[in-house]
Amino acid sequence: MMRYLTAILFSLAVAFAAFPASAARIDDQFQAWLKSDLWPEAKSRGISQKTFDAAFSGVSPDLKLPDLVMPGTKPKTPQKQHQAEFGSPGSYFAPIGNVTAGGRSRAGQYAKTLAAIEKRYGVPGEVVLAIWGRESGFGTAKIPYNAFEVLGTKAFMATRKDMFRKEVLAALEIVQRGLADPGQMKSSWAGALGQPQFLPTSFLKHAVDFDGDGHPDIWNSVPDTLASIANYLVHYGWVKGRDWGFEVTVPDSVSCSLEGPDQGKKISQWAAMGIARIGGKPFPASELKAEGFLLMPAGRSGPAFIVTPNFYVLKEYNMSDLYALFIGHGADRIAHGDKGFSGAWGKVGGLYRSDVAAMQRGLEKAGYDVGSADGLPGFKTRRSIGVWQAKNGRAATCYPDKGLVEAMR
């Protein structure tokens, strides 16, 4: 027994001793990449050696970040889901009360600023407040990461290296232009900056100076933060005067596979199919002739909605149906009081991301479009599930479950 324990302890000691060495080798590769790969491109874009060196002073790869691909290995679908936006639908809305309460208190505090923003951009103040609250707790959330460490690590060894390379170069441009200093560039684990949580490219495109001090400041200025959020939404097509959407009931005669932004109908047509607003309210007359889209984030196991193009503008802020729904619903509650969804969220979403990806690959082999076999049940996956279920004599639920995962293996 003693010999066995000694062998185990020796093996563990070797493993722990090897990890720092491995990390050191990765750091050496990272520093070489900075010097021979990233710096030449940064220089060609007008970044000075002084700016580059200041940004990466003391920076090493953060190997604890998710979605990394270690040198010499191939990317794999993570078993667990790190992003709440793609997890269990019901649990995602647990913190909405904090956002709506905080939004209502700030609606009065910043009433003049919000009114001026809505006049200029056409985006309701409650929508801007909901995003601000969700992204950074109205500027109170701690954003602890060094943006150059996060973005540099991900540009060097993440699953989406090309995307993060653009972002780290944009971050360098922010510093080069004097819009922020390196110490100010704190980010989330995904590299998003400031109170509105903009990626660096979004900061360069959408950040605005609304307080009149001569420069956009999304770290310290509330007017700049709120106006920058509104400007972002306008850039992606926010339609002034339209709502984001309405909770509805969907009769069994209407297939859940009709979901998606590419299957729009006039809202009057949805109503003619038997889809009705919750509470018996009619759809606004101004919306009846306009296009709407069926949204069922949990398939038949949760609330259903008819949404407008503005919903998909909200989704541009974070490519998640649940995120956009949180913002739209949160904005309604800020403006009209805390009333939850009428429909209940079922117990869905507990699968491993790797299991969902395996199911998606099975659907792809059968000829279905799931968008991407990434383990995230987006609308293309949900409606493909519904079509497959109907063709195979099953009740169409339009959401992955254990039985479907097994059937697709």
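**Aromatic pairs, helix packing and backbone in a predicted model**

Y232 is buried, at 6% relative accessibility. The model in which this residue sits is a predicted one. The partner of Y232 in an aromatic pair is Y236; the two rings are tilted, with 4.9 Å from centre to centre and 45 degrees between the planes. Y236 counts as partly exposed, because its relative accessibility is 32% and the buried class ends at 20%.

Y232 also takes part in helix packing. Together with I229 and L233 in α10, Y232 meets V313, L314, E316 and Y317 in α13. Helix α10 covers residues 222-235 and helix α13 covers residues 309-317; their axes are 9 Å apart and the packing angle is about 120 degrees. The two helices are therefore oblique to each other, since roughly perpendicular ends at 115 degrees and roughly antiparallel begins over 145. The crossing of α10 past α13 is right-handed.

A second packed pair consists of α4 and α6, the latter being residues 125-136. Here the axes come within 9 Å and cross at roughly 125 degrees, so α4 and α6 are oblique to each other. α4 passes α6 in a right-handed crossing. On the α4 side the residues are V99, G103, R106 and A107, and they meet L129, A130, W132, G133 and R134 in α6.

R134 leads back to the aromatic residues. The charged end of R134 sits over the ring of F326, 4.5 Å from the ring centre. F326 belongs to an aromatic cluster formed with Y92, F93, W244, F293, F305, F311, Y312, F341 and W345. Another charge over a ring is found at K265, whose charged end lies 5.6 Å from the centre of the W270 ring.

The structure holds 27 aromatic pairs. One of them joins two members of the cluster, F93 and F341, which are edge-to-face at 5.2 Å centre to centre, with 90 degrees between the planes. What does this pair connect? F93 lies in the loop between α3 (89-92) and α4 (96-109), and F341 lies in the loop between α14 (321-336) and α15 (353-365), so the pair ties together parts that are 248 residues apart in sequence. Both rings belong to buried residues: F93 has a relative accessible area of 8%, and F341 has one of 17%.

A55 offers a view of another part of the chain. Its place is in helix α2, residues 49-56. A55 is buried, with a relative accessible area of 3%. Which residues does A55 contact, leaving aside its neighbours within four places in sequence? They are F148, L172 and P182. By contrast, the C-alpha atoms of A55 and Y121 are separated by 34 Å, although the two residues are 66 apart along the chain.

Two loop residues have positive phi values without being glycine. D67, in the loop between α2 and α3, has phi near 65 degrees. D67 counts as partly exposed, at 24% relative accessibility. Q197 has a phi of about 55 degrees and lies in the loop between β2 (186-187) and α9 (200-206). Is Q197 buried or exposed? Q197 is buried, with a relative accessible area of 13%.

Terms used: Residues numbered from 1 in each chain as written. Predicted model: local features only at pLDDT ≥ 70, side-chain atom pairs only at ≥ 80, totals over all residues. Heavy atoms only, no water. Phe/Tyr/Trp six-rings, centres within 6.5 Å; stacked < 30°, edge-to-face > 60°. Helix = DSSP H or I, 4+ residues; strand = E, 2+ residues; numbered from the N terminus. Buried < 20%, exposed > 50% of the residue type's maximum accessible area, 1.4 Å probe, protein only. Lys NZ or Arg CZ within 6 Å of the ring centre and 35° of its normal. Axes fitted to C-alpha atoms, helices over the stretch in contact; angles between N-to-C directions. Parallel < 35°, antiparallel > 145°, perpendicular 65-115°, else oblique. Left-handed = near helix turned anticlockwise from the far one by under 90°. Contact = heavy atoms within 4.5 Å.
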